[in-house]
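Open the model in your viewer and keep the selection panel at hand. The tour starts with empty space and then turns to a sheet and its helices.

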Amino acid sequence: LEVDELITRKIKVLTPNIPVISEETVDLKKKNEAKIFWLIDPIDGTKEYLAGKDEYTLNAALVINTVPVLGLVGVPKKNRLFFSYGTNHAYEIKDNKKIKINCQKINLKTKALSNSSKPSENIIKIFNNYRVVNFQNMRSSFKFCLIANGEFDLYAANPRAKEWDIAAGHAIAENAGAIVSTHDDKPIQYGKPDFSNPSLLVRKKNLKC
């Protein structure tokens with residue numbers, strides 16, 4: 001709640017006329033009528049945060065006409081900040097240096113990310129289709145950033161969580177050159193009445209089945 005207040009207060013100073021929808025304060029009984037709005041998740045990976053792990057994130061995304069066009073993901077324990085504000089404009093700040101990121105492939109073999117240490121059968125099938133050699137379990141939106149900067153190549157998930165969990169990461173990965181879609185290649189739209197996510201597939205454009 002404290003982080004939510006901090007982020008919301010700063011956003012309202014910058015853009016006082018744009019509504020802010022947050023995981024901590026949203027009223028799901030009230031329909032979102034805004035075409036332009038901020039979508040924030042003050043702490044994504046709460047269990048990891050409580051366990052003292054280092055992959056939890058702070059997230060904010062600006063959504064325009066169902067599309068997240070601007071994203072910020074902070075990873076405090078790792079002292080890393082990722083942000084984007086349009087196609088081919090995705091960056092990481094690390095060690096006080098601003099680095100442009102573009103999904104450039106680092107690995108010779110395909111490495112994937114999963115939100116579970118035991119992925120479901122259909123997720124394993126997707127991994128096999130893309131010739132994934134190994135995968136790592138990760139719970140927060142940090143996954144999107146690691147695809148955006150080239151450290152990993154693919155992330156697949158079944159329908160789960162809410163839009164604020166993925167919006168900022170979606171913007172960063174897509175603006176860095178990744179493809180973000182459902183499992184059947186449909187676009188992911190934001191501002192749905194219940195803010196629920198469909199299936200999710202994030203991958204580099206040069207990956208082939």
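**Stop one: the cavity**

This is a predicted model. Searching the whole structure turns up one cavity of 30 Å³ or more. Its volume is about 50 Å³.

Which residues line the largest cavity? Select Tyr155, Ala157, Asn158, Arg160 and Ala161. Add Ile166, Asn197, Pro198 and Leu200 to complete the lining. Colour the selection by residue class: six are nonpolar, two are polar and one is charged.

**Stop two: the sheet**

Switch to cartoon view. Five strands form an open sheet, in the order β9-β8-β10-β12-β11. The pairing is mixed. Select 132-137 for β9 and 178-181 for β11. These are the edge strands, and each pairs on one side only. Look along the sheet for its twist, which averages 20 degrees from one strand to the next.

Now zoom in on β11 and its partner. Select residues 200-204, strand β12. Four bridges join β11 and β12, and the sense is antiparallel. For one of the bridges, pick Ala178; its partner in β12 is Lys204.

**Stop three: the helices**

Which strands does helix α3 lie across? Select residues 121-129 to show α3, then add β8 (110-114) and β10 (154-157). The helix lies across β8, β9, β10 and β12. Against β10, α3 runs at about 155 degrees.

Finish with residues 163-175, helix α5. This helix lies across β11 and β12. The angle between α5 and β11 is about 145 degrees.

Conventions: Residues numbered from 1 in each chain as written. Predicted model: local features only at pLDDT ≥ 70, side-chain atom pairs only at ≥ 80, totals over all residues. Heavy atoms only, no water. 1 Å grid on protein atoms, 1.4 Å probe; cavity = no way out; pocket = protein on both sides within 12 Å on 5 of 7 lines; lining within 4 Å. Points joined across faces, edges and corners; volume = space filled by probe spheres on them. Nonpolar A, V, L, I, M, F, W, Y, C, P; charged D, E, K, R; others polar. Pairing = 2+ DSSP bridges. Helix = DSSP H or I, 4+ residues; strand = E, 2+ residues; numbered from the N terminus. Axes fitted to C-alpha atoms, helices over the stretch in contact; angles between N-to-C directions. Contact = heavy atoms within 4.5 Å.
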